[in-house]
Amino acid sequence: MILAIETSCDDSAVALLDLEGNVLANEISSQVQLHEKYGGVVPELASRSHLQTLPLLIRHVLTTHQISLKDLTFIAATSSPGLVGSLLIGVSYAKTLAWTAGIPLIPVDHLEGHLLAPFLDNPDLAFPYLGLIVSGGHTHLIQVNQLGNYTLIGKTLDDAAGEAFDKVAKMTGFKYPGGPIIDKISQECEFPSISFPIPLRSKKVMNFSYAGLKTAVRNHALKEGLYVTDKKLIGYEEFKTWPENSTKDRIRDIFASFQKTVAETLAIRCNQALKVTGLNRLALTGGVAANSEIKTRLQEIANKRKSSFHFPSLRNCTDNAAMIGYTALQYWKQNSNHGLDLSLNASSKSPLNQMEVTPLLPD
Ligand code: KG4
Ligand code: ZN
């Protein structure tokens, strides 16, 4: 049995997997209520909350499944990248448990966890594939050659796609995380009418950029009187109670037009990358992979390129510990000779993030 721990940002997550990779428990204690009113994650609050929640969540998962420390073969924990204060809670707790139980601790990179997460729900997925990670902190296009053998072929030059969703929501008066709210409200607008510029459209490089799009949305919101700075942030439930009026419609239009543009940027890149690499499998992952329109658009691209399209279930898109346990297990299967490095540290940096982009096309 494997116990997996994920505390890289604002969710405390714990999973149990057997050595075949079957997920027996996949629990998440969300901190959304703690951060939503600030329009983003407050790092100090996040680590304090992990300190309180993580031990209780681990005890809950172990007792519910009648697992004791002696049943564990190893522990997996996210050690990078993320908020260091949050990572330190998970890593310290994992070290202590592994030391007490006398078992190995396998550190996992959160981005690699996301990259392999589509395997959890797609047993037909195989290497090599084109992986698109779109989360609150990252937008990475990666050629996944083999376990641990990755070629970064594009990344965001500024904001991550999820960050753009969160910022657009905040500037129009909506709570964190903005992605799910924008996704829901956009479904209420059949014909988005605003044409925001498609970032880097004319460039052949496979990078992404969302800062310009965010500014275009901001300028539009300012013009429409929908830009807010000092209002109490609201959620989808409250939006639903508003009377039907033009403000409500204009918000729907801004969100749907923005979301359509983001989906288009991702579709353009995936189409280009599938064509240039010759890969015939596309896997979308990370929190933004929960987005309905992005999934639909990428499915169309995959169909057009005669490629298969894979994405994790909703549970495994956003941060979770099952993907951390799954990733550690793949390394365990390669070499079961892991130990416990008591000097293991947490890092805000990811090796995947530090990699140079390999350009596949001239700029
Ligand atoms: O992977 P994740 O849970 O955490 C990070 O590693 O960042 O991703 C969180 C991000 C947030 O920016 C959130 O707004 C976005 O994923 N997100 C969505 C949706 N659900 C979550 N973005 C667009 N549409 C959604 N349905
Ligand atoms: Zn994540």
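Me: What makes glutamine 66 count as exposed or buried in this predicted model?

Reply: Glutamine 66 has a relative accessible area of 70%, and because exposed means over 50%, the residue counts as exposed. Glutamine 66 belongs to the loop between helix 2 (43-64) and strand 4.

Me: What is noted about the phi of glutamine 66?

Reply: Its phi is near 50 degrees, which is a positive value in a residue other than glycine. Most residues other than glycine have a negative phi.

Me: How do you know whether lysine 306 is exposed or buried?

Reply: The relative accessible area of lysine 306 is 74%, and since the exposed class begins over 50%, lysine 306 is therefore exposed. Lysine 306 is placed in the loop between helix 11 (292-304) and strand 10 (308-310), and its phi, about 55 degrees, is positive although the residue is not a glycine.

Me: Why is the pair of phenylalanine 127 and tyrosine 129 called stacked?

Reply: The ring centres of phenylalanine 127 and tyrosine 129 are 6.0 Å apart, with 15 degrees between the planes. Because a pair needs centres within 6.5 Å and a stacked pair needs planes under 30 degrees apart, both values fit, and the pair of phenylalanine 127 and tyrosine 129 is therefore stacked. A search of the whole structure finds 10 aromatic pairs, and ring pairs also link Phe119, Phe127, Tyr129 and Tyr326 into a cluster.

Me: What accessibility classes do phenylalanine 127 and tyrosine 129 fall into?

Reply: Phenylalanine 127, at 26% relative accessibility, counts as partly exposed, because this value lies between the 20% limit for buried and the 50% limit for exposed. Tyrosine 129, at 0% relative accessibility, is under 20% and so counts as buried.

Me: What makes arginine 218 count as lying over the face of tyrosine 227?

Reply: Arginine 218 is at 5.1 Å from the ring centre of tyrosine 227, and this distance satisfies the limit of within 6 Å. The definition also asks for a position within 35 degrees of the ring normal, and arginine 218 is indeed assigned to the face of tyrosine 227. Lysine 248 is likewise found over the face of phenylalanine 239, at 5.2 Å from the ring centre.

Me: How do you know whether cysteine 317 is too far from cysteine 270 for a bond?

Reply: Cysteine 270 holds the closest cysteine sulfur to that of cysteine 317, at 14 Å, and because a disulfide requires sulfur atoms within 2.5 Å, this separation is too far for a bond. The structure as a whole holds 0 disulfides. Cysteine 317 counts as buried, at 0% relative accessibility, and cysteine 189 is also buried, at 15%.

Me: Why is threonine 156 called buried?

Reply: Threonine 156 has a relative accessible area of 13%, and because buried means under 20%, it is classed as buried. Threonine 156 lies in the loop between strand 8 (149-155) and helix 6, and its C-alpha atom is separated by 9.1 Å from that of methionine 206, which is 50 residues apart from it along the chain.

Me: What makes asparagine 316 buried?

Reply: The relative accessible area of asparagine 316 is 7%, and since this is under 20%, the residue counts as buried. Asparagine 316 is part of helix 12.

Me: How do you know which peptide bonds to call cis, at proline 81 and at proline 177?

Reply: The bond that joins serine 80 and proline 81 is cis, with omega about -25 degrees, and the bond from tyrosine 176 to proline 177 is cis, with omega near -5 degrees. Most peptide bonds are trans. Proline 81 sits in the loop between strand 4 (74-80) and helix 3 (84-101), whereas proline 177 sits in the loop between helix 6 and helix 7.

Me: What makes up the lining of the largest pocket, by class?

Reply: The lining of the largest pocket divides into 15 nonpolar, 18 polar and 13 charged residues. The volume of the largest pocket is about 1,300 Å³, and of the 46 residues that line it, Asp10, Asp166, Tyr176, Pro177 and Thr318 are the closest to its centre. Helix 6 gives the most to this lining, with 6 residues.

How values were computed:
Residues numbered from 1 in each chain as written. Chains lettered and ligands numbered in written order. Predicted model: local features only at pLDDT ≥ 70, side-chain atom pairs only at ≥ 80, totals over all residues. Heavy atoms only, no water. Phe/Tyr/Trp six-rings, centres within 6.5 Å; stacked < 30°, edge-to-face > 60°. Buried < 20%, exposed > 50% of the residue type's maximum accessible area, 1.4 Å probe, protein only. 1 Å grid on protein atoms, 1.4 Å probe; cavity = no way out; pocket = protein on both sides within 12 Å on 5 of 7 lines; lining within 4 Å. Points joined across faces, edges and corners; volume = space filled by probe spheres on them. Helix = DSSP H or I, 4+ residues; strand = E, 2+ residues; numbered from the N terminus. Nonpolar A, V, L, I, M, F, W, Y, C, P; charged D, E, K, R; others polar.
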